[in-house]
Each structure stands twice: as structure tokens, then as C-alpha cells.
Amino acid sequence: MPEHEAGGAPGTPAHEVRDFLRRRREQIAQRWADEPLFRTVFTVSRDEAVEAGKAVVDALAQVADAQRVEDPDAAGFSAVREQLARMGAARSRAGLSNTQVSSELAALWPPAENLLVAEWDQGSPEELRACSTTLSVLLGTLRLVAMQTALSETQSLIDRQRLQLLEVATPVIKLWDGIVAVPLIGTLDSARSQVVMETLLNAVVDQHARFAILDITGVPTVDSLVAQHLMKTVAAARLMGAECVVSGIRPAIAQTIVHLGLDLGTVKTRASLADALGYCLHELGTNIVSAAPDGAGRR
């Protein structure tokens, strides 16, 4: 091996690996640029892949310098977490599984090891073996960091998509000037109840609504927490200057509300969405007219 870099602490395999990575930074990056992980992600130019490889080598050298080769939380990895996340996401979009991405990360080890062995011109085989093992552990930790980052990004994406689905599943319909409605279908949980509240209040402001109808005909049941959320939604709408009407309460839900001892005395309720709309129209002073065989007639 060449002489240790100035200022380095000789003798430890981690520092030997640090010095090796700094010396062979260019060669390692050039070899990694030909590996599928870099080649298929950085497609604009090969130079782009080489620069990305250099950034990873620099991070590994920093981790080795701190002698934390087994620690995925080592400070040196911070600089490349975002890059590793982009690379993992790009390979996932290309249809690769996490196992396949992990295999591509593992493929970065042989090119680096080959360079280490090729330049080992002094020192015992035991020292070479120790440095090789340290380099292997360091690259294994890099793979762990990359997979952790990829999984975290995937979970963040799932959370964002879940929120978007909740918003899509909570449409606000303008039924009349000054009247909006939120027809709810399916299971209500605390997260969705919060989305209902936010969506409804935003609609009250945007539509200058005087009445907001919460139709829960399609909701099979609610728990105590969700029932309280609905009550808070009604109260919040009132604070915004709109009267909230709850329609379509099923028998099971009615029993839940009674058992919980919730006071609905100040909440307008109607059996169906049609009844709720009729009430709101009446309060607005709008006459409802139905067609009759002998001409239009007032209801």
C-alpha cells in the first residue's frame, strides 16, 4: 500500500480504507459509472454518473475516517441520502423490486475490492484481509442506508397518495346557491373525518355557503372518536357562518350517538339527503315546484 495520508491515523483498517478511497476516488467512480445502478439512472451523460460515484466515494471515506463503518446513521451518509433516494426511486419506477435494487447496490463492492487488491504491494495478507473486510462492511452499510432511504421515500409516497385518495373520496357538491353537500360513503376513521372537516370548511368559504349538508347514508357505522369529529365539524361550520345539516343517520349510528351521550339538540338532522336539501331550500325562501299532469303546481 502507498504511504498513509498526512494527518491520518495509521494502523486501523478503517483508516487504511479511508486512504484507499481518497486515492482511488476517480478510478472507483469510473468503474461504478459502468454498473447498472449508475448507468441506468444517470442517462444524460457518463460524466454525470462519474460525478455521482465520486460523491458516494467521498461519503464512504468520511464514514471510514470516523471509524463508523457499521453505523447507517454516521454523518458521512447524510450528503448522499437524497441522491441514493433518487437512484432507488428511479430503479423502482423502472420495475425493479427492492431485492433487485439491493443486488445492484451489492454489485458496487467487486470493482472497489479489485482496486484494493491490485494496489496492495506491501503489508501482510492478514492486513489485506482486514481492509477488505472493512471495505465490505462499509459498502454493506451503504446498501442498508440506501434501502432505508428508499423505504422511507416509499412510505412518504404512500402517505401522500392515501391523503389524495381521501380527498378524492370526500367530494363537495354544490347543490344550490348557498348550499353545499358532502356525501360520505364507506368507513369513516379519524384521518378521513379530519379531511371531511377541512374539505367542508374550505367549501363553505369558497362557495359562500349558508348551509352545509353532511350526508352519511353510505356510512355503515362510526366509533366514538369519529362521532366526536362529526360534532366538531358541525360546530366549526357554524363558526364559519354556515348551518350544518346531518342527513342519513342509520339506526346503528343513532344508537352509538345515544350511548355516547352526545348532545345533538343544536344539530339539524334529516332522514335523507332530499329532506335536508328541502329544509335548506325552505330556509333560503325558495319554493319547490313539481310538475303535474295539468301543469306546474307548487308543493
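The following exchange examines burial, helix geometry and core packing in a predicted model.

User: Why is Q83 called buried?

Analyst: Buried means under 20% relative accessible area. Q83 has a relative accessible area of 11%, so Q83 is classed as buried. The residue lies in helix α5.

User: What makes A52, A55 and V56 contacts of Q83?

Analyst: Contact means heavy atoms within 4.5 Å. Leaving aside neighbours within four places in sequence, Q83 meets that criterion with A52, A55 and V56.

User: How do you know that the span of helix α10 agrees with its number of residues?

Analyst: The expected span is 1.5 Å times one less than the number of residues. For the 16 residues of α10 (residues 224-239) this gives 22 Å, and the end C-alpha atoms are 23 Å apart, which agrees. Just after α10, G241 adopts a positive phi of about 90°.

User: Which residues of α10 are buried, and what covers them?

Analyst: V226, A227, H229, L230, T233, V234, A236 and A237 are buried. Their cover includes α9 (190-207), β3 (211-218), β4 (243-247) and α11 (251-260).

User: What makes L21 stand out in the largest nonpolar core?

Analyst: This core has 44 residues, and L21 is among those touching the most other members, together with W32, F38, L60, L135 and L138. The largest share of the core, ten residues, comes from α4. Not counting residues up to four places away in sequence, L21 touches I28, V57, L60, A61, L135 and L138. Apart from this core lies another, of 27 residues, including V219, V234, A236 and A242.

Technical notes: Residues numbered from 1 in each chain as written. Predicted model: local features only at pLDDT ≥ 70, side-chain atom pairs only at ≥ 80, totals over all residues. Heavy atoms only, no water. Core = buried A, V, L, I, M, F, W, Y, C linked by side-chain atoms within 4.5 Å. Buried < 20%, exposed > 50% of the residue type's maximum accessible area, 1.4 Å probe, protein only. Helix = DSSP H or I, 4+ residues; strand = E, 2+ residues; numbered from the N terminus.
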